[in-house]
Amino acid sequence: MKVPSLRAQAAATVAILAAGFTLVFFYAPLDTEGFIQKIFYLHVPLAICSLAGFVVAGIHAIRHLRSGDPVHDARSYVSIHLSVIFGIAVLATGSIWARAQWGKWWVWDEPTLVSFLIVFLLYVTYYPLRYAIEDRERQARYASVFAITAGAFVPLNFLAVRLADPLIHPRTFSSAGGLPGSMLLTFVVCLAGIALLWLSLVRFELTAKSASAKLARLRRALEGEAHPPPLAGSRIAPGLPSRTASASWMNDPTTPRS
Amino acid sequence: MPALPLDEAGKYVAAAYVVFVALILVYVAIMAAKLERIQRELGELADLAEQKHSGGGVSDV
């Protein structure tokens with residue numbers, strides 16, 4: 001399958017997000033919550049994409065451990081990075097909604113909120129874990145083990161929350177009959193837009209990392225072995241290979257490899 | 001729970017969307033700064049390559 005260029009994908013992201021937000025404010029009807037329910041079209045897709053991103057990171061981590069290919073480690077790292085950023089947005093938009101609806105920024109006895117916070121904090125510990133290890137190979141391996149373990153925890157956590165008694169947090173798709181058609185359409189467009197945004201930012205960051213890695217190779221080639229590689233921008237470049245043989249992912253990390 | 005009036009709810013809805021957009025903008029700005037650094041370093045390497053090509057050898061950079 002031909003992968004669209006990053007520019008085309010970014011344009012599609014902007015178009016779909018703009019269409020989604022237009023539907024939110026000019027098409028979707030108000031429900032019993034009133035206008036505040038408009039936050040739902042942003043908050044829920046962000047939460048879905050954030051959690052799905054953590055699972056995707058776990059899948060890339062499995063592929064990294066199986067193949068040893070650093071491109072999968074880089075993808076796992078970037079997936080977690082973007083999902084943590086989306087997680088911040090989930091917590092912020094959720095808190096704003098809670099303040100308006102419940103009069104409180106946070107409620108500690110609601111399983112949905114607390115479980116998401118636990119998952120978020122779990123993934124925040126990924127960074128200190130990763131950078132506490134200096135050896136690149138070991139760093140990538142440990143980070144992959146972490147991503148797999150935590151990635152398996154996400155669906156289990158989600159299931160546990162769905163099985164638990166909801167207290168006050170609304171269940172989006174559990175009420176009989178689900179969402180009305182117009183609301184569902186708006187929600188699906190917003191979900192597609194946010195998912196595309198996540199994908200585009202992942203590709204954007206991978207492309208930047210690839211450019212940074214190529215630059216480091218170029219500098220090594222030009223300056224020779226007499227000068228140690230400066231590792232330009234590689235402090236956060238996971239799996240930046242020191243071996244020439246494994247540097248092939250830098251050619252195009254955004255293209256799926258079989 | 002009764003629905004909030006539009007003028008009250010509107011502030012919260014606007015805040016949620018502004019937070020989202022701001023977060024994405026901050027991320028893109030950070031990435032843009034990184035790309036700018038890459039571009040600068042690429043320029044330095046191009047200069048170095050030109051020096052080497054003109055027979056000057058590698059000088060300390």
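Colleague: Which residue follows H2(A), and what is the sign of its phi?

Modeller: A:Gly68 follows H2(A), and its phi is positive, near 75°. This is a predicted model: local features need pLDDT of at least 70, side-chain atom pairs count only at pLDDT 80 or more, and totals for chains, interfaces and linings use all residues. Residues are numbered from 1 along each chain as its sequence is written, with chains lettered from A and ligands numbered from 1 in the order in which they are written.

Colleague: How many helices and strands does chain A have?

Modeller: Helices (H or I, at least four residues) and strands (E, at least two) are DSSP runs, numbered from the N terminus. Chain A has 7 helices and 0 strands, in the order α-α-α-α-α-α-α along the sequence.

Colleague: What span should helix H2 of chain A have?

Modeller: The expected span is 1.5 Å times one less than the number of residues. For the 28 residues of H2 (residues 40-67) of chain A that gives 40 Å, and the end C-alpha atoms are 40 Å apart, so the two agree.

Colleague: What percentage of chain A is buried?

Modeller: A residue is buried if 20 or more other C-beta atoms, placed from the backbone, lie within 10 Å of its own. In chain A, 39% of the 258 residues count as buried.

Colleague: How many residues does each chain give to the contact?

Modeller: Two residues are in contact if their C-beta atoms, placed from the backbone, lie within 7 Å. Chain A gives 32 residues and chain B 27 residues. On the side of chain A that touches chain B, helix H3 (70-102) and helix H7 (181-223) each give two or more residues, and H7(A) gives the most, with 11 residues.

Methods. A residue is buried if 20 or more other C-beta atoms lie within 10 Å of its own, exposed if 12 or fewer, and partly exposed in between; C-beta atoms are placed from the backbone.
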